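Trainee: I would like to request a close look at a single part of this structure, the aromatic ring pairs. Please explain how they are arranged and what surrounds them.

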Amino acid sequence: MYKGQSITVVIPCLHAEQGIEGVLRAMPDFVDETIVVDNNSSDRTSDVASSLGAKVIREDVRGYGRSYKRGFAVATGDLIVTLDGDHSYPVDALSYLIEAFLHLNVDFLNASRFPVRDERAMSFKNKFGNLVLSLAMTLLFFRWVRDSQSGMWVFRRSILKEMKLESDGMSFSEEIKIEALLNHSIRFGEISIQYSSRLGETKLNAWRDGFTNLVFLAKKRFFR
């Protein structure tokens with residue numbers, strides 16, 4: 001519980017046993033519920049997460065968005081915080097994020113990784129891809145978001161019922177922001193965080209996922 005708000009943290013994981021231990025050990029005491037969605041990992045992700053007190057939900061069909069939707073369906077907190085299981089997002093910044101969320105009086109807060117202060121955390125190719133996708137979102141939806149691909153957010157669980165979330169893949173990250181931005185009853189904010197080098201293997205295919213996300217933006221704009 002944080003200032004009267006119950007907190008659920010949802011973490012989608014795929015082969016994340018190397019990073020999830022550090023993430024869960026650093027989880028603040030005020031978090032009421034930690035949900036790890038194991039997206040059919042072949043390593044010890046589930047065992048490690050369970051041993052450290054997380055509620056482990058299994059989603060056998062692969063997909064970043066599918067994992068999040070599975071986790072959101074069982075979350076019970078007033079506020080949901082998301083992050084990855086590879087320790088790239090700052091677990092120790094949760095109180096900072098929630099304070100900003102409450103201070104800004106928003107319903108959805110995006111944690112931007114830019115400017116990237118740790119040069120090892122993101123390649124030039126990924127920085128360029130993020131810029132292209134963020135500019136594309138701006139041109140298509142007329143709202144500027146510095147980091148359209150960030151996977152760390154704080155939002156009120158109650159707004160999920162007002163969103164039409166369809167993507168099962170990496171495009172889910174931009175889709176949930178678009179749904180928040182386009183709904184005039186949802187107040188949107190964005191602040192910067194410290195992004196770090198990931199632990200374990202990367203699941204992102206920069207060219208494939210970048211092109212898929214670009215196509216998804218167009219479909220979301222013209223066929224929603």
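Mentor: What follows is an account of the aromatic pairs, with a short addition on salt bridges.

The model is predicted, and the structure holds 11 aromatic pairs. Phe108 and Phe155 form one of them: the ring centres lie 5.7 Å apart and the planes meet at 15°, so this pair is stacked, the angle being under 30 degrees. Phe108 belongs to strand β5 (residues 108-112) and Phe155 to strand β6 (residues 153-156), so that the contact links distant parts of the chain, 47 residues apart. Both Phe108 and Phe155 are buried.

Strand β6 also carries Trp153, whose partner Phe172 lies in helix α6 (residues 172-182); the pair therefore ties together parts that are 19 residues apart in sequence. With centres 6.3 Å apart and planes at 45°, the rings of Trp153 and Phe172 count as tilted. Trp153 is buried, as is Phe172. These four residues are not isolated: ring pairs link Tyr64, Tyr68, Phe72, Phe108, Trp153, Phe155, Phe172 and Phe188 into a cluster.

Helix α3 (residues 64-74) contains Lys69, and Asp168 is in the loop between β6 and α6, so their pairing ties together parts 99 residues apart in sequence. Lys69 and Asp168 form a salt bridge, with the closest N and O atoms 2.7 Å apart. Lys69 is partly exposed at 25% relative accessible area, and Asp168 is partly exposed at 35%. Together with Glu59 and Arg66, Lys69 and Asp168 are linked in a network of salt bridges.

Definitions and conventions: Residues numbered from 1 in each chain as written. Predicted model: local features only at pLDDT ≥ 70, side-chain atom pairs only at ≥ 80, totals over all residues. Heavy atoms only, no water. Phe/Tyr/Trp six-rings, centres within 6.5 Å; stacked < 30°, edge-to-face > 60°. Helix = DSSP H or I, 4+ residues; strand = E, 2+ residues; numbered from the N terminus. Buried < 20%, exposed > 50% of the residue type's maximum accessible area, 1.4 Å probe, protein only. Salt bridge = Lys/Arg side-chain N within 4 Å of Asp/Glu carboxyl O.
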